[in-house]
Every structure is written in structure tokens, then in C-alpha cells.
Amino acid sequence: MTNFEFKNPTKIIFGKNTIEKLTTEIPSEAKVLLLYGGGSIKKNGIYEQVKTALANFEVVEFGGIPANPEYTILMQALKVIKTEGITFLLAVGGGSVIDGTKFLSSAALFEGDTPWDILANSIPTTVGMPFGTVLTLPATGSEMNSGAVITREETKEKRGMGGPGLFPKFSILDPQVIKSIPKRQLANGLTDAFMHVLEQYMTYPSGGYLQDRFAESILQTLIEIAPKILNDPTDYTAASNFMWSCTMALNGLIQKGVPTDWAVHAIGHELTALFGIDHARTLAIIAPSHYAYNFESKKEKLAQYAERVWQISEGTVDEKAKSGIEKTKAFFNDLGIATKLSEYTDTYNGTAELISKRFTERGWLGLGEHKTLTPNDVEKIVEMAY
Ligand code: NZQ
Ligand code: ZN
């Protein structure tokens with residue numbers, strides 16, 4: 001296990017009917033900007049709960065943040081923050097609304113030329129405008145981490161940002177919100193959380209016994225609750241385990257002291273930027289090819305995963321490792337998620353070369369846990385995923 005430091009300052013308020021706690025979590029003198037997405041919160045009762053809790057606050061609203069939060073729309077929200085003298089941001093939504101809010105938290109205090117530089121030049125945010133979240137969709141873990149991913153349609157880019165100033169002050173996690181989520185988004189959430197764990201686990205044995213078992217326990221829980229939550233999103237036991245698993249998958253804990261990969265996400269973001277494919281689905285497309293391409297360096301962990309998570313006890317290390325990849329694919333397929341790029345678009349010719357070229361231009365010359373995956377390797381992985 002390697003040395004590490006761990007600090008996660010986000011207060012989690014978890015459970016039934018917890019949205020009313022907003023009243024005591026936001027500073028009483030704050031001028032609040034309530035941020036939300038395309039309007040689902042107005043149909044499922046979450047908006048009313050939030051408004052009731054904020055009855056005694058000065059509140060301005062900004063709705064319409066789309067899935068894959070769009071830079072130009074966020075720039076409109078930034079104008080509202082400045083003209084209204086906003087002092088506290090409240091995100092009510094899934095990863096897109098929360099990530100958009102993180103961008104605004106950073107941009108509101110940014111002193112450079114254009115806020116896009118925060119993303120293009122990987123400028124870390126050490127201090128941001130304070131914000132809290134009401135999570136409406138378990139998936140990304142954004143409610144308890146300090147990262148965000150922002151899309152720019154104009155240039156077909158999707159770039160990450162982060163920094164210690166971007167942890168939410170608090171996040172309210174009421175698993176009852178799950179009941180209105182469409183099946184497609186539930187499947188996405190399960191897949192995204194599953195892949196977050198794999199990005200921090202599917203590397204090489206490094207003596208992180210506890211981290212390995214944290215990771216395996218989240219994977220096993222997601223596998224156990226997946227059919228239950230798809231069948232009945234009002235099942236509170238399944239919903240609460242789903243929500244907490246997604247948060248734990250990417251709040252920084254399981255990656256401490258161990259190597260991490262994240263190449264699947266880096267490549268996946270390009271597929272969203274180029275084709276608009278849902279984030280989770282891009283991961284399901286790339287992961288099987290990535291693991292097959294890097295089989296030699298990942299096979300020990302793949303075999304451990306097959307044994308411990310999928311109870312595959314027969315065969316050699318190579319055979320078990322291959323079964324691990326097959327089981328992963330089958331898990332995504334069972335959720336209704338296709339794992340080939342050709343199942344999403346007919347216009348993928350040239351995609352692999354384009355992604356490889358972009359990575360070269362950005363200087364991303366060595367990805368993965370060994371930092372050895374070159375743009376040329378990335379090109380081959382994308383080709384395998386067609
Ligand atoms: O926009 P509304 O109308 O609210 O509808 C949303 C949206 O259409 C809907 N939804 C959310 N909660 C609902 C609901 N519908 C009914 N009932 C509810 N309770 O679901 C749709 C998808 O929402 P979105 O926020 O886009 O989904 P998700 O949480 O999967 O977020 C995806 C974004 O997060 C980024 C992704 O790249 C993508 O941009 N990620 C952020 C990460 C982070 N900050 O740590 C890590 C991830 O790897 C990921 O990259
Ligand atoms: Zn993800």
C-alpha cells in the first residue's frame with residue numbers, strides 16, 4: 001500500500017424525508033441560487049420539498065441545465081450569480097446539475113480571462129463559492145467528491161476539472177427520490193458506479209487488501225440490488241443500498257493507497273462529446289476492449305475479481321480473467337446496455353484516429369495505472385470496441 005492523505009469534508013445527510021434539513025444546513029443570511037435540470041424535479045415532488053425547506057431564504061432559480069452540462073448554458077447562470085449577488089449555490093439534480101454547479105462555484109471566483117481556461121488548462125480550484133446538493137439520481141458520486149465534467153457543444157469537447165475547493169458543503173441523499181427515475185437512467189447509474197469501482201480496482205495486485213475488499217463489496221452490492229431496483233424502484237432497501245453504493249464508489253475512499261486506471265473514462269468522455277452517448281454507456285462500450293487489450297497487465301486482478309465477485313472457482317488465471325471480462329459484459333447487457341459502439345452509431349469511421357489525435361494534442365501520452373497507454377493504444381482499443 002502506498003502512502004496517502006485522505007480528507008473528505010462533505011457532510012452526508014442520508015435517509016427518508018431529509019430534504020427538509022436544507023433549512024438548517026444553508027447559512028441563514030445566504031442569497032441562494034437554486035440550480036436544476038430539465039424539469040424532472042417539478043414532476044416528482046422534489047421541487048416542492050426544496051421550496052418548502054427554503055421558505056425563509058432569499059432564493060433565485062436557474063433551471064435547464066442539460067445532461068452533460070453545457071458550458072454556454074452555465075455561462076448564463078454565471079451572469080445571474082454576478083448580477084444577483086448570489087452567495088450560496090444549491091444543486092438539485094443528478095451528476096450533470098451537480099457538476100454544472102461545481103463549475104459555477106469555481107467560475108464565480110475565477111480571476112482569469114475566460115472560465116473555459118479552468119478546464120482547458122486544468123487549473124485546480126482551491127476555493128469556490130460554497131454549495132450544497134440534493135441528489136436526485138444515484139450514479140456519479142459527484143455529491144461527495146470534488147470533480148466535475150463539463151461539455152462544450154461548439155467544439156465537441158468534454159473536459160474535467162476539480163480541486164479541494166469543490167467538495168459540496170453538504171449533500172442530502174433521500175433514496176425515495178429514486179422512484180421517479182426512468183429505467184434507462186437507473187441502468188446508467190448502476191453501470192457508472194460499477195465502472196467507478198473497476199477504474200480504481202482493475203489494475204494489478206498492490207497489497208491493498210482492505211481497498212480490494214471495499215471495492216468488491218460495492219460491486220457485489222450493485223449486482224445484488226440491480227434486478228431489484230429495476231423491477232421496483234420503490235423498494236427502499238434496494239434504493240438505499242443503490243444510493244449509498246454509488247456515493248461510496250467515488251468519494252475518494254477506495255482509491256487511497258492503491259493504483260488507479262481511469263483510461264476508460266478518458267476515452268468514454270470523447271464518445272459522449274462526439275456522439276452524445278450517455279456517459280455510463282460509453283464506459284460499457286470501452287471497458288471490455290480495454291481489459292482485453294491490456295489483458296497481460298490486468299489478468300491477476302481480473303481473475304481475483306472473477307473469483308471473489310462472480311464466484312468463478314474453476315480454471316487457470318487466464319481462464320478466470322477472461323470469464324471476468326465476459327461476466328462484466330453480460331452484467332451490462334442484462335441491464336439493457338449495449339457494449340459495442342456500432343450499436344449506438346453508424347458514423348464511427350475515423351473515430352479511433354480522432355480520439356488518438358486529440359489525446360496526442362493534449363499531451364496525454366501515457367494513460368492507465370502504469371502511465372504507458374499511448375494514443376496509439378487508445379486508437380486500437382476504440383477500434384476493438386466497434
Ligand atoms: O434534467 P432532469 O429533468 O432533472 O432529468 C434528469 C436527466 O434527464 C433525469 N433525472 C435525474 N433525477 C431524476 C431524473 N428523472 C426522474 N426522476 C429523478 N429523480 O436523469 C437524466 C440524467 O441526469 P444526469 O444528471 O445527466 O445523470 P448522471 O447523474 O448520470 O450524470 C451524468 C454526468 O455526470 C458526469 C458525466 O460525465 C455526465 O456529464 N460525471 C461526473 C462525475 C463526477 N463529478 O464525479 C464522475 C462520472 O464519472 C461522470 O463523468
Ligand atoms: Zn463515470
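**Exercise 1. A pair within one helix**

Begin with E361 and K357, which both lie in helix α14 (residues 351-362), and work out how far apart they are along the chain and how their side chains meet in this predicted model.

*Solution.* As a starting step, take the sequence: E361 and K357 are 4 residues apart, about one turn of the helix. The next step concerns the side chains, and here E361 forms a salt bridge with K357, in which the closest N and O atoms are 3.4 Å apart. That distance can be checked against the cut-off, since a salt bridge asks for a side-chain nitrogen of Lys or Arg within 4 Å of a carboxyl oxygen of Asp or Glu. As for the surroundings of the pair, E361 is exposed, and so is K357. Salt bridges elsewhere can also share partners, and in this way K31, E58 and E84 are joined into one network.

**Exercise 2. Two helices and their salt bridges**

Find how many salt bridges the structure holds, and then describe the one between K299 and D318 and the one between K320 and E307.

*Solution.* The structure holds 21 salt bridges. In one of them the side chains of K299 and D318 meet, with 3.3 Å from N to O. Because K299 lies in helix α12 (residues 295-310) and D318 in helix α13 (residues 317-334), this pair ties together parts that are 19 residues apart in sequence. To place the two residues with respect to the surface, compare their relative accessibilities with the limits: K299, at 18%, counts as buried because buried means under 20%, whereas D318, at 27%, counts as partly exposed.

The other bridge brings together the side chains of K320 and E307, at 2.8 Å from N to O. This pair links distant parts of the chain, with K320 in helix α13 and E307 in helix α12, 13 residues apart. Here K320 is buried, with a relative accessible area of 11%, while E307 is partly exposed, with a relative accessible area of 38%. As a general background to such pairs, side chains of opposite charge can pair when their charged atoms come close.

**Exercise 3. The largest cavity**

Determine how many cavities of 30 Å³ or more a search of the whole structure finds, and then describe the space in the largest cavity and the residues that line it.

*Solution.* The search of the whole structure finds 1 cavity of 30 Å³ or more. About 60 Å³ of space lies in the largest cavity. Going on to the lining, the residues include Q200, Y201, Y204, D212, I254, P259 and K301. Sorted by class, the lining has 6 nonpolar, 4 polar and 2 charged residues. If one then asks which element gives the most to this lining, the solution is helix α8 (residues 209-231), with 3 residues.

Helix α8 is also the place of L219, which counts as buried because its relative accessibility is 0%. L219 and H196 are 23 residues apart in sequence, and their C-alpha atoms are 9.8 Å apart in space.

**Exercise 4. Positive phi values**

For N17 and W262, state the value of phi, and then say where each residue is found and how far it is exposed.

*Solution.* It helps to recall that most residues other than glycine have a negative phi. Against that background, phi of N17 is near 60°, a positive value in a residue other than glycine, and phi of W262 is near 70°, which is likewise positive in a residue other than glycine. N17 is found in the loop between β1 and α1 (22-25), while W262 has its place in the loop between α9 (236-249) and α10 (263-275). For the last step, N17 counts as partly exposed at 48% relative accessibility, and W262 is partly exposed too, with a relative accessible area of 24%.

**Exercise 5. A nonpolar surface patch**

Name the residues that make the nonpolar surface patch, give its area, and locate F6 along the chain.

*Solution.* The patch is made by M1, F4 and F6, and its area is about 320 Å². Among these residues, F6 lies in the segment before β1 (11-14). F6 is partly exposed, with a relative accessible area of 39%, and therefore passes the limit of over 30% that residues of a patch must meet.

Key:
Residues are numbered from 1 along each chain as its sequence is written. Chains are lettered from A and ligands numbered from 1 in the order in which they are written. This is a predicted model: local features need pLDDT of at least 70, side-chain atom pairs count only at pLDDT 80 or more; totals for chains, interfaces and linings use all residues. Side-chain values use heavy atoms; hydrogens and water are left out. On a 1 Å grid over the protein atoms alone, a cavity is a set of points where a 1.4 Å probe fits but cannot get out, and a pocket is an open set with protein on both sides within 12 Å along at least five of seven lines; lining residues have an atom within 4 Å of a point. Grid points are joined across faces, edges and corners, and a volume is the space filled by probe spheres set on the points. Helices (H or I, at least four residues) and strands (E, at least two) are DSSP runs, numbered from the N terminus. Ala, Val, Leu, Ile, Met, Phe, Trp, Tyr, Cys and Pro count as nonpolar, Asp, Glu, Lys and Arg as charged, and the others, Gly among them, as polar. Patches are made of residues with over 30% relative accessible area and no salt bridge: like charges are joined within 9 Å, nonpolar side chains (Val, Leu, Ile, Met, Phe, Trp, Tyr) within 5 Å. Accessible areas come from the Shrake-Rupley method with a 1.4 Å probe; for residues, only the protein chains shown count as cover. Buried means under 20% relative accessible area, exposed over 50%, partly exposed in between (1.4 Å probe, protein chains only).
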